[in-house]
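The following note is offered for reading beside the sequence and the model. Please keep both in view while working through the points.

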Amino acid sequence: MLKDGTYAAWFKTPQGQGTGIAHVADGKIWGRDSVMTYTGTCVVDGDRFTATITTKRHTEGHTVFGSNDELQLKLDGTCPGKIARYVGTAEQFPGVLLERTLILSEQQPPTLEPSAPPPKFDPDRLPKLPTRGR
């Protein structure tokens, strides 16, 4: 099941590949890579999901679809665990498949707080430098 959270994204087409980050929450999906931002909606049905995404360029550079500034993507995929895989198509590039993998980022466990307060600072306990005559 595609869970709400932050995902590392890897994607490719016959023209190239790239990486980015994607966020999923409450039926929405958004993210960015080094050239494009993307926003849209997703529907989850068990292990399957579909999404409709619009991309927009934020920086000059080559994308996996060439040099288009805005794309409309339709995605269809599965997510049986922490890794989602899907294929997508862009209205502007019929027949060109976008393959993508999303890997759920897991939050790190909180650091443990010390059980006792740190010792009080006592400057008299610091090492002494040798005295030098003038």
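1. Strands here (E, at least two residues) are DSSP runs numbered from the N terminus, as are helices (H or I, at least four residues). Two strands pair if DSSP finds at least two bridges between them. A hairpin of two residues links β1 to β2.

2. The model is predicted, so local features need pLDDT of at least 70 and side-chain atom pairs pLDDT 80 or more, while totals for chains, interfaces and linings use all residues. Residues are numbered from 1 along each chain as its sequence is written, and side-chain values use heavy atoms, with hydrogens and water left out.

3. Strand β1 (residues 5-13) pairs with β2 in the antiparallel sense, over nine bridges. Within β2, glutamine 17 stands opposite lysine 12. Strand β1 also runs antiparallel to β8, to which six bridges join it; alanine 8 has isoleucine 103 of β8 as its bridge partner.

4. A pocket is an open set of points on a 1 Å grid over the protein atoms alone, where a 1.4 Å probe fits, with protein on both sides within 12 Å along at least five of seven lines; lining residues have an atom within 4 Å of a point. The largest pocket has a volume (the space filled by probe spheres set on the points, which are joined across faces, edges and corners) of about 270 Å³. Its lining has 18 residues, and Phe11, Asp33, Met36, Thr63 and Val64 are the closest to its centre.

5. Which element gives the largest share of the lining of the largest pocket? Strand β2 does, with three residues.
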